[in-house]
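User: Please take a close look at one part of this structure for me. Start with a pair of facing residues, then work outward from there.

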Amino acid sequence: MLTLTCPYCGIAAEETELQPGGEAHLKRFGPGSSDAEFEAYLFARRNPKGVHFERWRHAYGCGKWFMAARDTATLQVYGTYKAQTPFPTPEIVAAIQHRHPQWRPDFDATSPTPTSAPEGLTQ
Amino acid sequence: MPAAPASSSTGRYSVFAIAREALRLHSGWKRAWASPEPRRKYQVVIVGAGGHGLATAYYLGRNFGITDVAVIEKGWLGGGNTGRNTTIIRSNYLQDPSAAIYDKALKLYENLSQDLNYNIMFSPRGLLMLAQTEHEVRGYKRTAHANHLQGVATEWISPRRIKDMLPIINIDGPRYPVLGGLYQERAGTARHDAVAWGYARACSAMGMHIIQNCEVTGIETQGGKVAAVNTGKGRIECDKLALIAAGHSSVLADMAGFRLPIESLALQALVSEPIKPCCNLVIMANTVHGYLSQSDKGEMVIGGGTDGFNNYTQRGSWHHVEETVRALIETFPMLSRLKMLRQWGGIVDMTGDRSPILSATPVGNIFVNCGWGTGGFKAIPGSGWAMAELVAQGRPGPLAADFGLDRFAQGRFIDESVAAGVAH
């Protein structure tokens, strides 16, 4: 069974006490955006075979939303981090690169501000 | 309808062929399809030799005379979802575009063994969708009315009649009583592998190339149009490219430079040890996320729900097996005495409205057929028929017209997610 450690309460939570919430780090588009942007925000997903950043909720625990970096091809979990994190942390990137040395993030994991997340990740 | 062309390499299957081969100790049977090396160029390249890809190739040849076709496959023929489903065939959908394409498929299935000269063991044994909550009662009555208007024969039947048809069912369980059911008499099952094999044999007989163990590693475009695919067996040029790869559609779309409104999830199924015939219907119980039929070998074939997270591993979660079986046992108490033999998973391509995509794409001459989600097997002939129209003519015919990618931008959904439940 998939086990994710909740970054808030520190519990290694089993899949049955978690609620999956889909792809993480989506940039919201709403009123004023173009039809194409709104469509992409609602429906176009990366759905990668490999490293996937996603949202989970510790539904039968502390109830908080958090993020997980997981591999959809191997089911390996690279780590979890808090939902307020604008993009994956350097620790997560290091964990991924430990397994996949050639993997390069398409965002700047060392930047302190959320605005430096490039379009590639936030679409 | 013309029979599948028989070539000297395959021979035509008949009672006379069986008698002739019996006399010479079955030494004369030929391979059902050829395994050629790829040529440098084809008019149409289809990625994915599952049921949908092979059916598309078959109807391209049969309905449009296009036989310069290669069907390339990463693994082995029919080894993806075509060989991993619970073989259910039905057409009792709520929305008109769905009913049209699934009923076309059902009608083609009815004559497919004759059409392909290959026994796909189509068994129209009848299908019953159980209503176990008041919400489902209203939903299925609505579907029955919709089916009546669509010309798809279904009926709403009472718990008493369900018990008469299916003695092993417990209609008055405490948590999920059976309140009635939506019954489609023409629905049933077929041998899933045989569907892929039959289409493959017919395609090969038309001179098409089926190339297995040939993974696509890249898609080359030139001036906004497809030029070639790079594969494990070299570069293959093509005029038109059809991506029909179910759970891996997003990966292929990424190679071509666009995204699809699809997420890949694992869906799993399991079979019990074989037992004597006890269930001559296909049963779907959407409230408890389980469906059930008995195979010709006697195994109870049980399908469950999808996992909630993206997954490409063709495995399922153990707790979903437990959940599915636990819920089914109340309605079918005899299942509690059975041992389960095998469990497996497939990667299904889920769209937001739980309806498929048959569409042109942002890249010229690339077409996609995907998003069949948990219910693709039943659609194979209709999907192939509609996709062949789309690929041959460059624009969708009447069956595919409503299933374009543009429906997501336009909010023109074909919403089967509430009609069919999670599993279909």
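Analyst: A:Glu23 stands opposite A:Glu54 in strand E4 of chain A. This is a predicted model. The two residues belong to a pair of strands, E3(A) and E4(A), which run antiparallel and are joined by three bridges. E4(A) covers residues 51-57. Strands of a sheet pair through backbone hydrogen bonds, either parallel or antiparallel.

Now step back to the whole sheet. It is open and has four strands, in the order E3-E4-E5-E6 of chain A. The pairing is antiparallel. Two strands sit at the edges: E3 (19-23) and E6 (77-82) of chain A. Each of them pairs on one side only. Neighbouring strands are turned by 30° against each other on average, with direction ignored.

A helix packs on this sheet. It is H2 of chain A, residues 90-99. H2(A) touches E4, E5 (65-71) and E6 of chain A. Its direction makes about 175° with that of E6(A).

E4(A) has another role in the picture, at the contact between the chains. There, 18 residues of chain A are in contact with 19 residues of chain B. On the chain A side, E4 and helix H1 (35-42) each supply at least two residues. H1(A) gives the most, with three residues. By type, this side of chain A divides into eight nonpolar, four polar and six charged residues.

Cross over to chain B. Here an open sheet has eight strands, in the order E5-E6-E4-E13-E14-E15-E12-E16. The pairing in this sheet is mixed. Its edge strands are E5 (155-157) and E16 (340-351) of chain B, and each pairs on one side only. The twist averages 25° from one strand to the next.

Look at one pair inside that sheet. Strand E4 (residues 127-131) and strand E6 (residues 180-184) of chain B pair in the antiparallel sense, over five bridges. Within this pair, B:Leu128 has B:Tyr183 in E6(B) as its bridge partner.

This sheet also has a helix lying across some of its strands. Helix H9 of chain B, residues 318-331, lies across E12 (262-274), E13 (282-285), E14 (290-294), E15 (299-310) and E16 of chain B. H9(B) runs at about 135° to E15(B). The helix has 14 residues and reaches 21 Å from its first C-alpha to its last. That is close to the 20 Å expected at 1.5 Å a residue.

Which residues of H9(B) are buried? They are B:His320, B:Thr324, B:Val325, B:Ala327, B:Leu328 and B:Thr331. These residues lie on the same side of H9(B) because they cover an arc of only 165° around the axis. On the other side of the helix, B:Trp318 and B:Glu322 are exposed. What covers the buried residues of H9(B)? The cover includes E12, E13, E14 and E15 of chain B.

Finish with another strand of chain B, E2 (residues 69-72). Both of its faces are covered. B:Val69 and B:Val71 are buried on one side, and B:Ala70 and B:Ile72 are buried on the other. E2(B) runs parallel to strand E1 (residues 41-47) of chain B, and four bridges join them. Here B:Ile46 stands opposite B:Val71 in E2(B).

Definitions and conventions: Residues are numbered from 1 along each chain as its sequence is written. Chains are lettered from A and ligands numbered from 1 in the order in which they are written. This is a predicted model: local features need pLDDT of at least 70, side-chain atom pairs count only at pLDDT 80 or more; totals for chains, interfaces and linings use all residues. Two strands pair if DSSP finds at least two bridges between them. Axes are lines fitted to C-alpha atoms, for helices over the stretch in contact, and angles run from 0 to 180 degrees between N-to-C directions. Two residues are in contact if their C-beta atoms, placed from the backbone, lie within 7 Å. Ala, Val, Leu, Ile, Met, Phe, Trp, Tyr, Cys and Pro count as nonpolar, Asp, Glu, Lys and Arg as charged, and the others, Gly among them, as polar. The expected span of a helix is 1.5 Å times one less than its number of residues. A residue is buried if 20 or more other C-beta atoms lie within 10 Å of its own, exposed if 12 or fewer, and partly exposed in between; C-beta atoms are placed from the backbone. The arc is that of the directions from the helix axis to the C-beta atoms.
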